[in-house]
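Please open the model in a viewer and keep the selection tool at hand. The tour below proceeds by stops, each with something to select and a short account of what is found there.

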Amino acid sequence: RRQLYHGIPRLKPAELQMIEAILFDFDGTIADTAPDLGHALNRQRISRGLSPLPITLIRTQASAGSRGLLNLGFNLKPGDSEYEAMRDEFLRFYDERLCHDTRLFPGIANVLDQLDANQLPWGIVTNKPARFTKPLVQALALHQRAACIISGDETVNTKPHPEPLLTACRRINVSPNKCIYLGDDIRDIKASLAAGIKPIVARYGYLGNDTSPETWGAAHLIDHPEDLLNYI
């Protein structure tokens, strides 16, 4: 039986000995980017005479980026005639106000401090394009601390394909089975499982999927970033 700490199932001792690195998703896991993503979407809606959407609704699709938000805001999907032009406009608006209201989730700063103090390397693996990831990570003062930062356009495939996570493992020279990946989307869990990495669901994140995170295939789920420390 697993030990319990404050009601949270901990990894078994054998598993604990294998953890050599922690990888994180970005949007909805490390940083709450929904306010700035939502501002770009609502700017588009307002310019077309539509009412702005509430942040609570925007959060449900924030992890899916422009694809999910344009579907939410305008019922547009890739392949639709207006999609590419609307996507370009959305990304331009987002770029103009990239880190205005974006913040680290409460507790993340302490988690990263604890990992650094224990010399446990950590990295970021996101589907977000590097043109946004890099300035955001720098603005949040994480760029010199992360052992690796893998953006969505740095590999041929994006999550749920395992390639970005496997690239991160090679970058920091750690075997996948010695890593944990924390994410808030089903694509994160699918990618992690396919890569042979232990997935943990950030249940405090956006969870932009119609299915319950308990059904995604991860053995562990956490409700607060600092709960991650109970596993390591």
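**Stop 1: the second largest pocket**

Begin at the second largest pocket, whose volume is about 180 Å³. Its lining consists of 13 residues, and those closest to the centre are Q61, A64, R67, G68 and G208; selecting these five brings the view to the right place. The model is a predicted one. Next, colour helix 4 and helix 9, each of which supplies at least two residues of this lining. Helix 4 gives the most, with 3 residues. By class, the lining of the second largest pocket comprises 4 nonpolar, 5 polar and 4 charged residues.

**Stop 2: the largest pocket**

Now select A64, G65, S66, N127 and P129, which lie nearest the centre of the largest pocket. This pocket has a volume of about 430 Å³, and 25 residues line it. Three elements give two or more residues to the lining: helix 4 (65-74), helix 5 and helix 9 (186-195). Which helix provides the largest share of this lining? The largest share comes from helix 5, with 5 residues. Sorted by class, the lining of the largest pocket contains 10 nonpolar, 5 polar and 10 charged residues.

**Stop 3: helix 4 against helix 5**

Keep helix 4 and helix 5 in view and hide the rest. The two axes come within 10 Å and cross at roughly 110°. Angles of 65 to 115 degrees count as roughly perpendicular, and helix 4 and helix 5 are therefore described as roughly perpendicular to each other. To display the contact, select S66, R67, L69, L70 and F74 on helix 4, together with Y83, M86, R87, F90 and L91 on helix 5. The residues of this contact between helix 4 and helix 5 are 7 nonpolar, 1 polar and 2 charged.

**Stop 4: helix 2 against helix 5**

Leave helix 5 (residues 83-96) displayed and add helix 2 (residues 34-47). These helices pack at an angle of about 130°, and their axes are 8 Å apart. Helix 2 and helix 5 are therefore oblique to each other, and their crossing is right-handed. The residues to select for the contact are D36, L37, A40, L41, R43 and Q44 of helix 2 and M86, E89, F90, F93, Y94 and E96 of helix 5. The contact of helix 2 with helix 5 is made up of 7 nonpolar, 1 polar and 4 charged residues. M86 and F90 of helix 5 take part here, and M86 and F90 also belong to the contact with helix 4.

**Stop 5: helix 7 against helix 5**

Replace helix 2 with helix 7 (residues 130-139), again beside helix 5. How are the axes of helix 5 and helix 7 arranged, in angle and distance? The angle between helix 5 and helix 7 is about 15°, with the axes 11 Å apart. That angle makes helix 5 roughly parallel to helix 7. The crossing of helix 5 and helix 7 is left-handed. Select L91, Y94 and D95 of helix 5 with R131, F132 and L136 of helix 7 to see the contact. The contact of helix 5 with helix 7 has 4 nonpolar and 2 charged residues, and no polar ones.

**Stop 6: two details of the backbone**

Follow the chain on to A141, in the loop between helix 7 and strand 7. Although A141 is not a glycine, its phi is positive, at about 60°.

Finish at P160, which is placed in the loop between strand 7 (148-150) and helix 8 (163-172). Is the peptide bond from K159 to P160 cis or trans? This peptide bond is cis, with omega near 20°; showing the backbone atoms of K159 and P160 brings the bond into view.

Technical notes: Residues are numbered from 1 along each chain as its sequence is written. This is a predicted model: local features need pLDDT of at least 70, side-chain atom pairs count only at pLDDT 80 or more; totals for chains, interfaces and linings use all residues. Side-chain values use heavy atoms; hydrogens and water are left out. Axes are lines fitted to C-alpha atoms, for helices over the stretch in contact, and angles run from 0 to 180 degrees between N-to-C directions. Helices (H or I, at least four residues) and strands (E, at least two) are DSSP runs, numbered from the N terminus. Angles under 35 degrees count as roughly parallel, over 145 as roughly antiparallel, 65 to 115 as roughly perpendicular and the rest as oblique. A crossing is left-handed if the near helix is turned anticlockwise from the far one by less than a right angle, and right-handed if clockwise. Contact means heavy atoms within 4.5 Å. Ala, Val, Leu, Ile, Met, Phe, Trp, Tyr, Cys and Pro count as nonpolar, Asp, Glu, Lys and Arg as charged, and the others, Gly among them, as polar. On a 1 Å grid over the protein atoms alone, a cavity is a set of points where a 1.4 Å probe fits but cannot get out, and a pocket is an open set with protein on both sides within 12 Å along at least five of seven lines; lining residues have an atom within 4 Å of a point. Grid points are joined across faces, edges and corners, and a volume is the space filled by probe spheres set on the points.
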